[in-house]
Amino acid sequence: MRTAAQQELLFNRLSKRYRHLKKWARRTGTNAFRLYDRDIPEIPLVLDLYGEAVSGAVYRHTSETDDANWLPAMRDAAAQALGIPEARIFLKERRRIRQRQDGDQYDRISAQSFFRDVHERDLRFRVNLSDYLDTGLFLDSRRKRALIRAGAAGKRVLNLFAYTCSLSVCAAKGGALQVDSVDLSNTYLEWGRVNFALNGLTASYDNTGMALIRGDVFQFIAAAAKERRCWDSIILAPPVFSNSKKMRGTLDIRRDYRALIQSCLALLAPAGTLWFSSNAKGIRLASGEFPGFAVKDMGSALVDEDFKGKKIPACYTLKPLG
């Protein structure tokens, strides 16, 4: 009976939320947005709409959520509220992949390969709704993408931990002269190449123009410093933790963020901007923490309609003083 009651609660909440957000999304020019984020405490789901499909996850387990009937009931509620077939609603159980330390959101949990292309105004991005906890596009970074695009004209841009290169695409569409995207994963760099192509752009692995660079970010930064390279805009969005066998040592962003930011600031052009963001709890940059640089908290400027009242990754810009 409790599952049935929660099913009705979720149906009602999603119906109301969808009616509101679809009007906003139409005005905004997107078909991908957050529908539900643990709005009802006893229903600890996060649900994102991508076109006419949904990707979501259970974020906390209770005796109800562990019931074999609970997740199918929530899927049915979402299908009914949104008018979407259940086959296009992908709900993952986060606990199955939290045991691994190497970036749980990037671990493959399925092989269905349910891809869709979604839009933000004139931009197009490919998402995979079935195979990973994250889909390839962070919806809470929508306004960040727009700001990076707006400020990219004529700039040299470096995107570190580039993932599927959505921010690189935005910089390129904004008129950047050069965009270097660095990531360890061949899978995500190839995904990034597809995102460039969807937007009428060409990215390649030959280190020119819109370059896709497979490598350890720490080693890349060290080599760039030796070569005295610099960029006008650097985007730094590292994972919270990584112990990938492809990199030397481990990354623990709570431990490493200051040193990582300092290393990036050394590569910044005199009038450049470093964008730093992190999902890690407790990371806050103070105004005097990096001498010679102005630190600005961008958090409030990045909250879009579908994330009002919700936590989004901490985000700061750092610019040289003077």
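Colleague: I'm new here, and L160 caught my eye. Which strand is L160 found in?

Modeller: L160 sits in strand 7, which covers residues 156–160. Bear in mind that this is a predicted model.

Colleague: Why is L160 called buried?

Modeller: The cut-off for buried is under 20% relative accessible area. L160 has a relative accessible area of 0%, so it is buried.

Colleague: And how do you know which residues L160 is in contact with?

Modeller: Contact takes heavy atoms within 4.5 Å. Setting aside neighbours within four places in sequence, L160 is in contact with V182, V217, F220, I221, I234, I235, L236, A237 and C264. Take V217 from that list: L160 and V217 are 57 residues apart in sequence, yet their C-alpha atoms are 6.5 Å apart in space.

Colleague: V217, you say. Which core includes V217?

Modeller: Let me start with another core. The largest nonpolar core has 36 residues, and those with the most contacts inside it are Y50, V118, F125, L129, A171, V179 and F196. Strand 6 (123–128), helix 5 (166–173), helix 6 (186–198) and strand 9 (210–214) are the elements that give two or more residues to this core. Helix 5 supplies the largest share, five residues. V217 belongs to a second, separate core of 33 residues, which also includes L267, F290 and F293.

Colleague: What makes a set of residues a nonpolar core?

Modeller: The members have to be buried residues of the nonpolar kinds, Ala and Val among them, joined through side-chain atoms within 4.5 Å. In soluble globular proteins, nonpolar side chains tend to be buried together.

Colleague: Back to the largest core, then. What is A171 in contact with?

Modeller: Not counting neighbours within four places in sequence, A171 is in contact with I148, A152, V157, A176 and V179.

Colleague: Let's look at L167 too. Where does L167 lie, and why does L167 count as buried or exposed?

Modeller: L167 lies in helix 5. Its relative accessible area is 10%, which is under the 20% limit, so L167 is buried. Residues up to four places away in sequence aside, L167 touches K144, R145, I148, N159 and I235. L167 and A146 are 21 residues apart along the chain, with 9.0 Å between their C-alpha atoms.

Colleague: Over to the other end of the numbering. Why is L10 called buried?

Modeller: L10 lies in helix 1, residues 2–28. L10 has 0% relative accessibility, so it falls under the 20% limit and counts as buried. L10 touches Y36, I40, I43, L45, M74 and A77, leaving out residues up to four places away in sequence. L10 and D76 are 66 residues apart in sequence, and 9.8 Å apart in space from C-alpha to C-alpha.

Colleague: What about D304: why is it buried or exposed?

Modeller: With 8% relative accessibility, D304 is under the 20% limit and therefore counts as buried. D304 is placed in the loop between strand 14 (293–297) and strand 15 (314–320). D304 touches W24, R142 and R143, residues up to four places away in sequence not counted.

Colleague: Why do R38 and R121 get separate labels, partly exposed and exposed?

Modeller: Exposed needs over 50%, and partly exposed lies between 20% and that. R121 has a relative accessible area of 55%, so R121 is exposed. R38 is at 39% relative accessibility, so R38 counts as partly exposed. R38 is in the loop between strand 1 (32–37) and strand 2 (45–50), while R121 lies in the loop between strand 5 (115–120) and strand 6. R38 has a phi near 50 degrees, a positive value in a residue other than glycine, and R121 has a positive phi of about 50 degrees although it is not a glycine.

Colleague: Zooming out, how do you know whether the radius of gyration agrees with a compact globule?

Modeller: A compact globule of 322 residues would have a radius of gyration near 20 Å; the chain has 20 Å, so the value agrees. The C-alpha trace spans about 65 × 40 × 35 Å along its principal axes.

Colleague: What is the secondary structure of the chain, and how many residues are buried, in percent?

Modeller: The chain comes to eight helices and 15 strands, and buried residues make up 55% of its 322 residues. Among contacts with a separation of 6 or more, 63% are between residues 24 or more positions apart.

Methods. Residues numbered from 1 in each chain as written. Predicted model: local features only at pLDDT ≥ 70, side-chain atom pairs only at ≥ 80, totals over all residues. Heavy atoms only, no water. Buried < 20%, exposed > 50% of the residue type's maximum accessible area, 1.4 Å probe, protein only. Helix = DSSP H or I, 4+ residues; strand = E, 2+ residues; numbered from the N terminus. Rg over C-alpha atoms; globule rule 2.2 N^0.38 Å.
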